[in-house]
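Me: I am new to this structure and would like to start small. Please take one part of the surface and walk me through it.

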Amino acid sequence: MKAVRIHAFGDASVLRLEDFPMPVPMNDDLLVTVMASAVNTIEWKVRSGMIKQAFGRDLRVTFGRVCA
């Protein structure tokens, strides 16, 4: 599958469209097909570095939690 990810803080140029392994549902998980995705307010703040002090984890982040 394809995913938009970042590996560094910055402007929109740090967004990367990457191949990503298909998730495997576990226990009570549900796998859905996404037809459209958006970047929400928190995601663009993470990307820009506005909240990097609160982030405190590995920066390989996958965006698009808002989907249809």
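**A closer look at one patch**

Reply: Met1, Met22 and Leu31 together make a nonpolar surface patch of about 300 Å². The model is predicted, so local features need pLDDT of at least 70 and side-chain atom pairs count only at 80 or more, while totals for chains, interfaces and linings use all residues. Residues are numbered from 1 along each chain as its sequence is written, and side-chain values use heavy atoms, without hydrogens or water. Patch members have over 30% relative accessible area and no salt bridge (Lys or Arg side-chain nitrogen within 4 Å of an Asp or Glu carboxyl oxygen), with nonpolar side chains joined within 5 Å.

Let's stay with Met1, in the segment before strand E1 (2-6). Met1 is partly exposed (between 20% and 50%, with a 1.4 Å probe), at a relative accessible area of 41%. Strand E1 belongs to a chain with two helices (at least four residues) and five strands (at least two, both as DSSP runs), ordered β-β-β-α-α-β-β from the N terminus.

Met1 also leads us to the largest pocket, which holds about 770 Å³ of space. Among its 25 lining residues, the closest to the centre are Met1, Lys2, Pro23, Val34 and Gly64. E1 and strand E3 (37-38) are the elements that give two or more residues to this lining, and E1 supplies the largest share, three residues. Here a pocket is an open set of 1 Å grid points where a 1.4 Å probe fits, with protein on both sides within 12 Å along at least five of seven lines; lining residues have an atom within 4 Å of a point.

How values were computed. Patch = residues over 30% accessible without salt bridge, like charges linked within 9 Å, V, L, I, M, F, W, Y side chains within 5 Å. Areas by Shrake-Rupley, 256 points an atom, 1.4 Å probe, with all protein chains shown as cover. Points joined across faces, edges and corners; volume = space filled by probe spheres on them.
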